[in-house]
Amino acid sequence: MARLIVGIAGLLVLAAVCHSSSPPPDFNGRPRGVSKSKQSFYDSSKPFTCLDGSRAIPYDHVNDDFCDCPDGSDEPGTPACSSLGGKFHCANKGHKPVYIPSSRVNDGICDCCDGSDEYDGRVQCSDACKELGAQAREEAKRLAEVQQKGYEMRQDYSKQGTDKQEERRVSLAELEATLKEHQAESDRLKALKEEAETPETEAKDAHKSAWEAKKVEEGRVKAEAAFRAMDTDSDGSLTVVEIQARAEFDKDNSGDISEDEAKEWLGGETARDMEHFVVHLWKTISDVYVDPEAAIAEQAAPSEATPAEGEVPPAEEPPKAEEKSEEEGMPEYDEATQGLIKVADEARNAFNGADKQREDVQRQIDDIRKQLEVDLGANNEFQPMQGNCYDFTDREYTYSVCPFNRVSQKPKNGGSETSLGSWGKWDGPGGNKYTVMKFENGQNCWNGPNRSGTVKMRCGENNELISASEPNRCEYHFELITPAVCEPPPPPKAGGADVHEEL
């Protein structure tokens, strides 16, 4: 029993030692490190209840540099509960109040601008809150002015965009009405064209048929004449012997025409009659056949004079391209057919001109429809950026962002342009989808994916591409400032104060 009494007494002494150091003095009527919003939880007239509700402790255990509460809420002004994620509140009068990890309390470094985190006297922290607060208010004022001006420009952008979209809709309606007129005129002229082309086609076909019939007849006359010339015994049959008598049928130029060679010219037979010769053999034989009368006439023609000794012969003229004789070429159309062709040509020209106008109007309609399909923002505020490009140059490349069209890069010192993506969609988070543009399916990376681009936008007084990077392979990130994303600035606080002070 005596040992038990001694043990209990020892524990009481140990507890007294643990809580013997006096807590830091209250700060502005509340424990140091406690914000004004939590002051009601720290009432010195009664025990302190841990903020997690787990237990109550004597109030003088608050800020005694010993962790009593499981959540560390009894040590807001000391580093005792830093392992539990304790937070120290910097009042920072004249600037912005902040929370810092309680592990930074009395660590020899001034974290709070008012120096309240370093109260043990080891370091002296000057109060820089007024100076920093003034700078912060000046910067906040500047940003507010930028936001205000940007928002006014955004409203102007929205008006421009809405007016432009309405203008496009009006133009679309007018063009669609015009297209109907052009379509009707094109249909009318197409009917006239087809009406004029029918007799033209019939006349031209008749002319061609007559010419082809004449050619067939002339060819038959030539074939029959050749047959008679080669049928030396006039028995109505062309034989192997008669073929062998013709030097032009010596295929291998051996000086002798064998029986097999002769039979080959006769289609494998020893003799052929005139009809078979004209219909089946003449087309092949005509390529080598020599007309005896033409050969005699060529031999009788005077030869070119031989130049005298010392005389320079005249320069040979280059051979002229073989011209088709009138006999080989189709003759001109008669006057009646030429008249029909002229009428049809005029009808075709009239139709082609009208149809081209129709196609031009249709093209304009398609372009406007594509423009109207583009999502230009909740109030068309991005329309003024449509059709424009914004560039940024770093040490190696010039990057170009063309909203609703494409993004690309080009070597600064020359070279071909590389597509980093075509317009894909708005890709901002949650309810702010109009803050991020996504461009997709750019040029393929070697042994990798297609390039893509993400453009993040923030408020600014003008449209300017201010950065470009490639955080991941073939994925490009851009930052663009623009009035189109400027939100209305918050209303000024009562009394004109822009900084909340914990008093």
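F277 is buried, with a relative accessible area of 0%. That is my starting point today. One caveat before I go on: what you see is a predicted model.

So where is F277? The residue belongs to helix α5. Leave aside neighbours within four places in sequence, and F277 is in contact with A223, F227, M230, L238, W282 and I285. Now look along the chain. E224 is 53 residues away from F277, yet their C-alpha atoms are separated by 8.4 Å.

That leads to the helix pair around this residue. In general, two packed helices are described by the angle between their axes and the distance between the axes. Take helix α2, residues 129-230, first. Its partner here is helix α5, residues 274-285. The axes of α2 and α5 come within 9 Å. They cross at roughly 100 degrees. An angle from 65 to 115 degrees counts as roughly perpendicular, so α2 is roughly perpendicular to α5.

Who makes that contact? From α2 come G219, R220, K222, A223, E224, A226, F227, R228 and M230. From α5 come M274, E275, F277, V278, W282 and I285. F277 is thus part of the helix contact as well. Split by class, the residues of the α2 and α5 contact are nine nonpolar, one polar and five charged.

Stay with α2, but change the partner. Helix α7 covers residues 335-373. The axes of α2 and α7 come within 7 Å. The crossing angle is roughly 160 degrees. Over 145 degrees counts as roughly antiparallel, and α2 and α7 are therefore roughly antiparallel to each other. Their crossing is left-handed. In the contact of α2 with α7, the classes come out at 20 nonpolar, 11 polar and 13 charged residues.

Next, the loop after α7. Between α7 and β7, the latter at 390-393, sits N380. What is the phi of N380? It is positive, about 60 degrees, although N380 is not a glycine. Buried or exposed? N380 has 18% relative accessibility. The cut-off for buried is under 20%, so N380 counts as buried.

There is another asparagine with a positive phi. For N441, phi is near 55 degrees, again in a residue other than glycine. N441 lies in the loop between β11, 436-440, and β12, 452-459. Its relative accessibility is 61%. Exposed means over 50%, so N441 counts as exposed. To put the two together: N380 is buried, whereas N441 is exposed.

On to the sheet. Eight strands form an open sheet, and the pairing is mixed. What is the strand order? Read it as β7-β8-β9-β10-β11-β12-β14-β13. β7 and β13, the latter at 464-472, are the edge strands, and each pairs on one side only. From one strand to the next, the twist averages 25 degrees.

Start at the β7 edge. β7 and β8 pair in the antiparallel sense over four bridges. One partnership there is D391 with S400 in β8. Three residues make the hairpin connection from β7 to β8. One step further in, β8 meets β9. β8 spans residues 397-402 and β9 spans residues 406-411. These two strands run antiparallel, joined by six bridges. Y399 stands opposite Q409 in β9.

Now to β11, where we find M437. At 0% relative accessibility, M437 counts as buried. Setting aside neighbours within four places in sequence, M437 is in contact with P403, F404, W423, K425, W426, G453, T454, V455 and M457. K425 is 12 residues from M437 along the chain, and their C-alpha atoms are separated by 6.2 Å.

Last, the whole chain. How many helices and strands does the protein chain have? Seven helices and 14 strands. Of its 503 residues, 32% count as buried. F277 and M437 are examples, each at 0%. As for contacts between residues at least 6 apart in sequence, 46% join residues at least 24 apart.

To recap the helix geometry: α2 is roughly perpendicular to α5, and α2 and α7 are roughly antiparallel.

Note on methods: Residues are numbered from 1 along each chain as its sequence is written. This is a predicted model: local features need pLDDT of at least 70, side-chain atom pairs count only at pLDDT 80 or more; totals for chains, interfaces and linings use all residues. Side-chain values use heavy atoms; hydrogens and water are left out. Axes are lines fitted to C-alpha atoms, for helices over the stretch in contact, and angles run from 0 to 180 degrees between N-to-C directions. Angles under 35 degrees count as roughly parallel, over 145 as roughly antiparallel, 65 to 115 as roughly perpendicular and the rest as oblique. A crossing is left-handed if the near helix is turned anticlockwise from the far one by less than a right angle, and right-handed if clockwise. Ala, Val, Leu, Ile, Met, Phe, Trp, Tyr, Cys and Pro count as nonpolar, Asp, Glu, Lys and Arg as charged, and the others, Gly among them, as polar. Buried means under 20% relative accessible area, exposed over 50%, partly exposed in between (1.4 Å probe, protein chains only). Contact means heavy atoms within 4.5 Å. Two strands pair if DSSP finds at least two bridges between them.
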